[in-house]
Amino acid sequence: MENLMDGFRRFRETYFEDHRRLFEALAAKGQNPKVLLIGCCDSRVDPAIIFDAQPGEMFVLRNVANLVPPYAPDQGHHGTSAAVEFAVCGLEVEHIVVLGHARCGGVRALIEGSTGAETDFVSGWMHIARSARDRALALTLSAGQPIEAARRMCEQETVAISLGNLMTFPWIREKVEQGRLMLHGWFFDLDSGELFRLDPISNTFLAV
Ligand SMILES: [Zn+2]
């Protein structure tokens, strides 16, 4: 924990002082980010670091495996859907980016089937990506590819699944169809540091 306190001191003395006007403006006027970024909780893929973003620039939502559940307005505690609603309907962001990443622990557990009954929440959450897992395993194993290929395919599929589920939210679909909101699928390979974007025409990830 001492590292964090040291880090805060450095932040307070340098970054905060260097950006004092920005923080004052954000405090006085409120936030007005144009981008909602949905990423994974994984400590290695911090969106603010990857995109060198300033405070106020991105509204960031992180959860296990960057998943968005289907639209389901009921009495459940929908943390992800609540954040999406606030960003889209409250902040009126103009872009939603779903950022997947390589070596995702959530996807690894899903592929290797280790999210069994032993977890209280993770297995149920990862169920959102179950179809991706089945597809990835069927495609790669029938082609004689190793389990790593299935993992990579599933990691990228989580992005497509989240984008598809975002379109089940009626106020997102409406804004997308009116051209007031754009959805993007990106993938960060933390081994090589490369970023890929999902091309909607070919439905494949292309290097940026
Ligand atoms: Zn992850």
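**Exercise 1.** In this predicted model, find Arg103: in which loop is Arg103 found, and is Arg103 buried, partly exposed or exposed?

*Solution.*
Step 1: Look between β3 (95-101) and α5 (105-112); Arg103 is found in the loop that links them.
Step 2: Check the backbone. Arg103 is not a glycine, yet its phi is positive, at about 60°.
Step 3: Count neighbours. There are 16 other C-beta atoms within 10 Å of Arg103. A residue needs 20 or more to be buried and 12 or fewer to be exposed, so Arg103 is partly exposed.

**Exercise 2.** Now try Asn203: where is its place, and how many C-beta neighbours does Asn203 have inside 10 Å?

*Solution.*
Step 1: Asn203 sits in the loop between β5 (194-199) and β6 (204-207).
Step 2: Its phi is positive too, about 55°, although Asn203 is not a glycine.
Step 3: Asn203 has 9 C-beta neighbours inside 10 Å. The limit for exposed is 12 or fewer, so Asn203 counts as exposed.

**Exercise 3.** Step back to the whole protein: how many helices and strands does it have, and what is its radius of gyration?

*Solution.*
Step 1: Go along the chain and you will find nine helices and six strands.
Step 2: The radius of gyration is 18 Å, and the globule rule gives 17 Å for 208 residues. These values are close, so the protein is as compact as a globular protein of that length.
Step 3: Along the principal axes, the C-alpha trace spans about 55 × 45 × 40 Å.
Step 4: Finally, 31% of the 208 residues count as buried.

Notes
Residues numbered from 1 in each chain as written. Predicted model: local features only at pLDDT ≥ 70, side-chain atom pairs only at ≥ 80, totals over all residues. Helix = DSSP H or I, 4+ residues; strand = E, 2+ residues; numbered from the N terminus. Rg over C-alpha atoms; globule rule 2.2 N^0.38 Å.
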